[in-house]
Structure formats: C-alpha cells, structure tokens
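Got your viewer open? Let's take a walk through this one together, picking out a few spots as we go.

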Amino acid sequence: MKPFDYARAASPAEAVAAVAGNPAAAFLAGGTNLVDHMKLGVAAPERLVDISHLPLDKIEKTDDGGLRLGATVPNSDLAAHPLVRRHYPVLSQALLSGASGQLRNAATTGGNLLQRTRCVYFQDVTTPCNKRNPGSGCSALEGYTRYHAILGASMDCVAVHPSDMAVAMAALNARVEILGPSGDRTVGLHSFHRLPHDQPQRDTVLEHGELITAVVLPPLPEGTRSAYRKVRDRASYAFALVSVAAVVRLEEPTDTDDGDGPASAPTVAEVRLALGGVAHKPWRATFAEEALRGKPATEEKFRRAIDAELQHAVPLPDNAFKVPMVRNTVVSVLRELCRVDHGDSWAGEGGGGRTGDPASGGEDRS
C-alpha cells in the first residue's frame, strides 16, 4: 500500500472542498471496499478525507411517507430498522444476503452504492483491464467469464456490479442525494450507475469531489409486496450469480374471464423488477415490467415477460447458464409474491413481504 495523507472533515461541505481540490483525494467512510483496493494496488489515493463522523447517519421519514437514509448509515442498522423491515422488506433481505455481520457493521449506505466490481481481472494489477487502466484491453473477453455480464456489456468491459443493496434500491425507484462543488443535486438510482460503453472506468455519474449525502426511498402504496432472492455458488457470503428484486402490487381478481387468463387471477397493477449479477449496473427489467403491467398474475405471463427481457441477453462462453437461471428465479419470486401455484390458480392473500406486515423482513436464505 502506498503512503497517503489523512484528514477528518468537520462538515459535508468541508469534505467536498477537500476532495474536489485534489484530483488524487478520495472519501473514506467504512472503507470495506476502498481499503481492499488500496492493499491490492488497484487504488492509490494520495489523500483520504474521513466522512465517517459527519451527521449523515440518520434514517428519517420524509414528508410524503418515504424514508431518507443517511449516506453513513451502517448496512446492519439499515437492514434491522423497523421501518425498513416493515415497508421495504426487499431492501432488508438484500442487505442481509450481502455480507457477514462484521462487514455490515462497517459498510455504509453510500459506500455500498460505490462498490467496484469483483472481476478477478480488475483486481489483478498484472492483467490488462479497461476499468482499471483505460485502453489496456479487457482480459475477461478471452478469459474466465462465469461471473460476468449477459446484459448491457460492451467490448471494453463485461464486468458486473457486485452490490445487493443497489439492486433492491433500483426496484424501489430510490433517489440519490448528492453534494458537490456546484451545490446539491438528486439522481434517480436507475441513472446513477453507468453501463460501460467506451468508458468502463466510470461506474457512476458522480464527478470528482461529489459526495453522496443520502438515499431517498419513495413511499409504496398499501398492499405492495416486495422480495429479494440471490442465487450464489455457496450459501454464505458469496457474490450473486443472479439476483432478483421484485416490487409488486396486485388488483383483486374480477369475476369475468376476458380470455387473457383465469378469471380467478388478480391483475398486476404495478411491478418493478431489478436484476443483479448480470450487468455493469443494477439492471431494471423494463421490458419484463411492461409485459406484466395490466396482465393476469399467472406463471405463463411471468415467463413470457422475462423472456421479453432476456431476448436482449448476450451470454459469454462460461455464463450461458445465467439466462435460464434469471428466468427461473424471476418466475419463482413473482409466483411467491403473487401467491400463484404451478397450476396458475390464485392462492389468495397472505405473506410475501407485504407493505404493512411487521414480520415480512428477515434474512434471505436462498
């Protein structure tokens, strides 16, 4: 690790000024990702500006009934917060599936969003990597690609984003509040992370010196259900091969069969799906969402919808298995949330992480 200077900021504005004024400076909060990269030689900041003691560690209700999550709220506190567990179980489940308890105690909301890829070629400084050294090439293209992207990749980078929390927040339509040298701005999470295109070294739309101060979760309508499921190589603390965050609101079944599904099936009034482990950013499955809205909540419709999304997939030699894995995981999660059995009959009310259910949180053990 190269030597570096250290400073503790007294305010968010002071932190922004300190980093913006030095091209080789970086913010430090939990450090669970940055310090690892400093040890590996992937990152070598000359100055670290500590923001961990700033007053950015609160979880507060917003005027419209949502939540504002401070950037330095530890992941463990966020996952366990009663309002998160009750109203946003998808987020609690994602956080609990993401890391060990020790790491969750240190990792922060803002830092989690800024995690860099765990691509082995990015972390190995002896190999070419466009994300680490733009223009040097992508070693993964001729290498081992089991963990790499099937959606939204480019010839310059096929790495995937590692965060579980960010996938859940994408499905929740979260907004990221940012303080920079030019003032405040807010960016929707769906626009916060970037696809690689020809600049894979840029993970997000943040400019140098901009600081995440909070993430805002909009309120969810009564009756909304949500869940997160993660498929991985081992049951404990592995990064996702595939993950799915789903937010669904149903309308009661009608008495009339219109020919588009069983008369007893409810209608999908609203749905948001986000995928992890498949792209350079949390992937909103917008084609699948559009195919589901207003349709009966049946397994057949779920499969058709995710197939509409996966027609755009471009698997690599080692990860073609991700295509059926995404399909099966999405269908399973939607079936559970919508209480649909394998015969496509509506199984009635109950469970599934409904908004307003205080017991709907809990650890994802998939």
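## Stop one: a patch on the surface

Select Met-1, Phe-4 and Tyr-6: these residues make up a nonpolar patch on the surface, and together they have about 320 Å² of accessible area. Keep in mind as you look around that this is a predicted model.

Now click on Phe-4 alone. You'll find Phe-4 in the segment before strand S1 (5-8). Phe-4 counts as partly exposed because its relative accessibility is 33%, and partly exposed covers values between 20% and 50%.

## Stop two: an open pocket

Next, select Arg-118, Cys-119, Tyr-147, Phe-239 and Ala-240. You're now looking at part of the second largest pocket, which holds about 360 Å³ of space. Its lining has 22 residues, and the five you selected are the closest to the pocket's centre. What is the lining made of, class by class? Colour the residues and you should get eleven nonpolar, seven polar and four charged.

## Stop three: closed-off spaces

Time to go looking for cavities. Rolling a probe the size of a water molecule over the atoms shows where empty space is left. How many cavities of 30 Å³ or more does a search of the whole structure find? Two.

Start with the largest cavity, which has about 70 Å³ of space. Keep Cys-119 selected and add Cys-129, Asn-130, Cys-138 and Cys-157: among the 15 lining residues, these five lie nearest the centre of the largest cavity. The lining of this cavity splits into ten nonpolar, three polar and two charged residues.

Then move on to the second largest cavity, with about 40 Å³ of space. To see its lining, select Gln-115, Arg-116, Thr-117, Lys-131, Val-160, His-161, Pro-162, Asp-203 and His-280. Sort them by class and you get two nonpolar, four polar and three charged residues.

## Stop four: two backbone angles

Last stop: the loops. Select Asn-173, in the loop between helix H9 (165-171) and strand S6 (175-180). If your viewer shows backbone angles, check phi here: the value for Asn-173 is near 60°, which is positive even though this residue isn't glycine. Is Asn-173 buried, partly exposed or exposed? Asn-173 counts as partly exposed, because its relative accessibility is 34%.

Finish with His-197, which sits in the loop between helix H10 (189-192) and strand S8 (211-217). His-197 isn't a glycine either, yet its phi is positive, at about 45°.

Key: Residues are numbered from 1 along each chain as its sequence is written. This is a predicted model: local features need pLDDT of at least 70, side-chain atom pairs count only at pLDDT 80 or more; totals for chains, interfaces and linings use all residues. Side-chain values use heavy atoms; hydrogens and water are left out. On a 1 Å grid over the protein atoms alone, a cavity is a set of points where a 1.4 Å probe fits but cannot get out, and a pocket is an open set with protein on both sides within 12 Å along at least five of seven lines; lining residues have an atom within 4 Å of a point. Grid points are joined across faces, edges and corners, and a volume is the space filled by probe spheres set on the points. Ala, Val, Leu, Ile, Met, Phe, Trp, Tyr, Cys and Pro count as nonpolar, Asp, Glu, Lys and Arg as charged, and the others, Gly among them, as polar. Patches are made of residues with over 30% relative accessible area and no salt bridge: like charges are joined within 9 Å, nonpolar side chains (Val, Leu, Ile, Met, Phe, Trp, Tyr) within 5 Å. Accessible areas come from the Shrake-Rupley method with a 1.4 Å probe; for residues, only the protein chains shown count as cover. A salt bridge is a side-chain nitrogen of Lys or Arg within 4 Å of a carboxyl oxygen of Asp or Glu. Helices (H or I, at least four residues) and strands (E, at least two) are DSSP runs, numbered from the N terminus. Buried means under 20% relative accessible area, exposed over 50%, partly exposed in between (1.4 Å probe, protein chains only).
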